[in-house]
Amino acid sequence: MAFSYLEANGVFLKVVIAAMVTFLFSEFIAIYPIFSNYEKHKTVVLKHIVPIWEITGAMIVFFVVELELIYSGLVPISSYLFIPVIGLFVALLILRNVAIIYSEFIWKKVDSKPLMMFYSAATFLMVIGFVTAIAALMVGNSVSTAIPSLPPLLHLDLANLSKSYVDYIALLTAPVYSAVYWEFLFGTLFIAFGMSQVFYRIAKRTSYIPLFAIILGLFLNVNAWNVVATLAGAKFMGDYMILPVIIAIAIPLLYMYKPTTNLASYKPFWFIVMTIAVLFLELPITRIAGGAYSINTFASSNSMLVANFWLSMIGGILFLLLMIMYAYVYNSGRMSITPENIEKTNKSNAEATEKVVKNETQKN
């Protein structure tokens with residue numbers, strides 16, 4: 001088999017990463033409605049999170065498998081460079097899964113609010129760790145090359161990987177490094193806040209808050225990347241950013257326009273367009289360690305690439321089926337994008353559940 005499928009810098013791996021990031025992002029933005037008013041928003045939030053959190057975990061596992069198959073040489077390097085972030089990410093992933101499982105099964109006897117608060121906090125920290133790793137890769141050593149007074153951020157020793165590490169202290173505190181990092185982080189938080197207002201239908205349709213928050217977040221993120229690109233002497237990847245920016249702004253605009261309000265907050269639609277947006281941000285990434293090494297340097301053998309191609313195809317089909325199933329479950333067994341069409345069904349289901357819980361409580 002010819003490998004023209006995989007010559008575009010591991011595009012299949014990038015699709016998997018984009019889907020995983022989008023799923024995790026949809027859970028991350030739930031922290032806003034959960035912490036702002038849990039009792040008011042718990043129904044709409046749990047209706048999304050409960051059927052989706054396991055899919056997120058499956059996508060993370062799929063990402064690890066894909067990384068091993070396409071770029072097996074990157075696995076040990078990633079382990080040494082990001083061991084604190086990876087360790088924290090895995091620990092929080094386990095703890096948040098435990099919290100949401102407990103909250104699903106003991107809510108009849110115990111208030112689930114503390115467990116959901118812990119779940120949200122753990123997911124929040126997971127995403128912060130993920131954003132920190134992305135920021136470290138985005139900055140790389142290009143800034144220290146342009147400004148010799150700054151210490152190198154990435155210490156990558158291919159001859160002795162045990163000496164490889166990321167200088168997280170410099171990332172968080174050193175001039176330029178910290179400015180780019182905090183700008184990138186707060187930009188992400190503003191975008192997440194704006195998206196949460198639309199995704200969970202928290203804001204009124206006529207509210208400008210989601211649009212303003214997303215525009216502010218985009219400005220911070222794009223400016224952070226522009227600073228790094230300028231210092232590195234690289235071309236500003238504006239052509240790759242155009243579509244993600246358009247999508248990010250279009251979602252709150254569609255939400256504000258009455259005929260498309262329901263479409264903007266329709267979960268399968270949101271997942272598809274956001275996955276496309278994240279994918280376009282990943283496409284220009286062809287080198288790592290601040291541009292020092294080409295990703296293809298760490299590619300696996302040809303036989304592994306063949307296996308990975310078919311795994312990607314099968315995984316993509318399964319992912320599509322999960323999306324269809326999710327749309328079906330979220331809409332209480334209907335494919336309508338209009339929440340009002342299923343309101344009666346949801347109300348009837350809620351009333352029936354309350355009756356069952358009441359009867360069980362009386363029996364006990």
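These questions and answers concern a predicted model.

Reader: How many salt bridges does the structure hold?
Author: Two pairs can be named. Glu-27 pairs with Arg-96, and Glu-39 pairs with Lys-42. The number of salt bridges in the structure is 2.

Reader: How many residues apart in sequence are the parts that Glu-27 and Arg-96 tie together?
Author: The closest N and O atoms of Glu-27 and Arg-96 are 2.5 Å apart. Glu-27 belongs to helix α1 (residues 11-28), while Arg-96 belongs to helix α5, so the salt bridge joins parts of the chain separated in sequence by 69 residues.

Reader: Are Glu-27 and Arg-96 buried or exposed?
Author: A residue counts as buried under 20% relative accessible area and as exposed over 50%. Glu-27 falls in the same class as Arg-96, and that class is buried.

Reader: What separates Glu-39 and Lys-42 along helix α3?
Author: An α-helix has 3.6 residues a turn, so residues three or four places apart point the same way. Glu-39 and Lys-42 meet in a salt bridge at 3.4 Å, N to O. They are 3 residues apart in helix α3 (residues 38-70), so the separation is about one helical turn.

Reader: What is the relative accessible area of Lys-42?
Author: Its partner Glu-39 is partly exposed, at 45%. Lys-42 is also partly exposed, because the class covers values between 20% and 50%. For Lys-42 the relative accessible area is 30%.

Reader: Which residues make the nonpolar surface patch of about 640 Å²?
Author: Ile-86 is one of them, and its place is in helix α5 (residues 83-106). Patch residues must have over 30% relative accessible area, and Ile-86 is partly exposed at 34%. The full list is Ile-86, Val-90, Ile-94, Val-98, Ile-101, Tyr-102 and Phe-105.

Reader: Which residues does Thr-188 touch, not counting those up to four places away in sequence?
Author: Thr-188 sits in helix α9 (residues 177-199). With a relative accessible area of 13%, Thr-188 is buried, because the cut-off for that class is under 20%. Beyond its sequence neighbours, the residues in contact with Thr-188 are Val-131 and Asn-221.

Reader: How far apart are the end C-alpha atoms of helix α6?
Author: Helix α6 (residues 113-139) has 27 residues. The expected span is 1.5 Å times one less than the number of residues, so helix α6 should span 39 Å. The model agrees, with the end C-alpha atoms apart by 39 Å.

Reader: Which residue just after α6 takes a positive phi?
Author: Helix α6 covers residues 113-139. The positive phi, about 55°, comes just after α6 and belongs to Gly-140.

Definitions and conventions:
Residues numbered from 1 in each chain as written. Predicted model: local features only at pLDDT ≥ 70, side-chain atom pairs only at ≥ 80, totals over all residues. Heavy atoms only, no water. Patch = residues over 30% accessible without salt bridge, like charges linked within 9 Å, V, L, I, M, F, W, Y side chains within 5 Å. Areas by Shrake-Rupley, 256 points an atom, 1.4 Å probe, with all protein chains shown as cover. Salt bridge = Lys/Arg side-chain N within 4 Å of Asp/Glu carboxyl O. Helix = DSSP H or I, 4+ residues; strand = E, 2+ residues; numbered from the N terminus. Buried < 20%, exposed > 50% of the residue type's maximum accessible area, 1.4 Å probe, protein only. Contact = heavy atoms within 4.5 Å.
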